[in-house]
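The following exercises ask the reader to examine a structure step by step. Each task is followed by a worked solution.

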Amino acid sequence: MVITEIFKSIQGEGTRAGLPCIFVRLTGCNLRCVWCDTEYAFHGGTKFTIDEVLRTVAAHAGSGAGRVSLVEITGGEPLLQPETPALAEKLLAAGYTVMIETSGERFVGVLPRDVIKIVDVKCPDSGEADTFDLANLDAVGPNDEIKFVIASRRDYDFAREFTSRHQLAARVRQVLFSPVFADPAGRWPGQNARELAEWILADALPVRLGLQLHKFIWDPAMKGV
Ligand code: SF4
């Protein structure tokens, strides 16, 4: 496998936000979202065997009562690498709770059922609209989450309509609406979180507002957190 980084931090997103978590960031992505905050994972990386990944995760996890049991496989796009389902299977067998963050463009049904899938649906302002694999709607379940990253009112309207049309709230544990965080280098603006919260409240949507916790704890441009 080609790996950009493996590190321990605080889970920043979704319903497990705030929990200690070990992140395995795989190298490479076939999309180019305009607000992507992990462009450094597009190229390069280091080759690992699955067992080397497991050993590195175990070293970060520690042992005893303080062992970190949550692992997230992310990227880049982790489903581009054919060994990802086998890695997830081995992490589950080692007793970890395993999450994966994916763009929604790849079919998540290749993963073990017990992997918690956090599946994006790309909105128009991402520049990668219409990349979602609709087969994923039947491959997610009550442990999984569907996420929209929202950059504008247009994105919000798209996300609201998609959530309603496909009855997402009944399919998954949580639908997440996350505002784009402004680029620290100024290449793209952010979506105001308060404005997004007010849209959600006004429409009484069955969704959760998601903020990227790690960007409030550490410098928003910092890698490895
Ligand atoms: S899918 Fe994820 S890693 Fe790929 S370009 Fe979009 S935000 Fe970046």
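For these exercises, Ala, Val, Leu, Ile, Met, Phe, Trp, Tyr, Cys and Pro count as nonpolar, Asp, Glu, Lys and Arg as charged, and the others, Gly among them, as polar. The structure is a predicted model, in which local features need pLDDT of at least 70, side-chain atom pairs count only at pLDDT 80 or more, and totals for chains, interfaces and linings use all residues. Residues are numbered from 1 along each chain as its sequence is written, and side-chain values use heavy atoms, with hydrogens and water left out.

**Exercise 1. The ligand shell**

Task: State which residues are around the ligand, and how they divide into nonpolar, polar and charged.

Solution. Step 1: A residue is near a molecule or strand if one of its heavy atoms lies within 4 Å of it. Step 2: The shell around the ligand is formed by Cys-29, Leu-31, Arg-32, Cys-33, Trp-35, Cys-36, Thr-38, Phe-42, Gly-76, Ser-103 and Lys-122. Step 3: Six of the shell residues are nonpolar, three are polar and two are charged.

**Exercise 2. The span and faces of helix α1**

Task: Compare the expected span of helix α1 with the distance between its end C-alpha atoms, and determine which of its residues are buried.

Solution. Step 1: Helices (H or I, at least four residues) and strands (E, at least two) are DSSP runs, numbered from the N terminus. The expected span of a helix is 1.5 Å times one less than its number of residues. Step 2: Helix α1 covers residues 50-61, so its 12 residues should span 16 Å, and this agrees with the 16 Å between its end C-alpha atoms. Step 3: Buried means under 20% relative accessible area, exposed over 50%, and partly exposed in between (1.4 Å probe, protein chains only). The buried residues of α1 are Ile-50, Val-53, Leu-54, Val-57 and Ala-61. They cover an arc (that of the directions from the helix axis to the C-beta atoms) of only 100°, which puts them on the same side of α1. Step 4: An α-helix has 3.6 residues a turn, so residues three or four places apart point the same way. Step 5: On the face turned away from the buried side, α1 carries the exposed residues Arg-55 and Ala-59. The cover over the buried residues of α1 includes β1 (2-10), β2 (20-26), β4 (70-74) and α2 (84-93).

**Exercise 3. Helix α3 and its start**

Task: Determine which residues of α3 are buried, and describe the polar contacts of Ser-152 at the start of the helix.

Solution. Step 1: Helix α3 has 13 residues (153-165), which should span 18 Å, and its end C-alpha atoms are indeed 18 Å apart. Step 2: Asp-155, Tyr-156, Ala-159, Phe-162 and Thr-163 are buried in α3. Seen down the axis of α3, these buried residues fall within an arc of 135°, so they line one face of the helix. Step 3: The exposed residues Arg-154 and Ser-164 are on the face turned away from that buried side. Step 4: Contact means heavy atoms within 4.5 Å. The buried residues of α3 pack against β7 (145-150), α4 (168-171), β8 (174-179) and α5 (193-203).

Step 5: Ser-152 is in the loop between β7 and α3 and is buried, with a relative accessible area of 14%. A polar contact is a pair of N or O atoms within 3.5 Å; within protein, one must be able to donate a hydrogen and the other to accept it, and residues adjacent in sequence count only if both atoms are side-chain atoms. A side-chain oxygen of Ser-152 comes to within 3.3 Å of the backbone nitrogen of Arg-154, and the side chain of Ser-152 reaches the backbone nitrogen of Asp-155 at 3.1 Å. Step 6: Asp-155 itself is buried, at 0% relative accessibility.

**Exercise 4. Backbone angles**

Task: State where Gln-167 and Asp-130 are found, and which peptide bond is cis.

Solution. Step 1: Most residues other than glycine have a negative phi, and most peptide bonds are trans. Step 2: Gln-167 is in the loop between α3 and α4, and its phi is positive, near 50°. At 57% relative accessibility, Gln-167 is exposed. Step 3: Asp-130 is in the loop between β6 (116-120) and β7, with a positive phi near 65°. Asp-130 is exposed, with a relative accessible area of 77%. Step 4: The cis peptide bond joins Gly-75 and Gly-76, with omega about 10°. Gly-76 is in the loop between β4 and α2.
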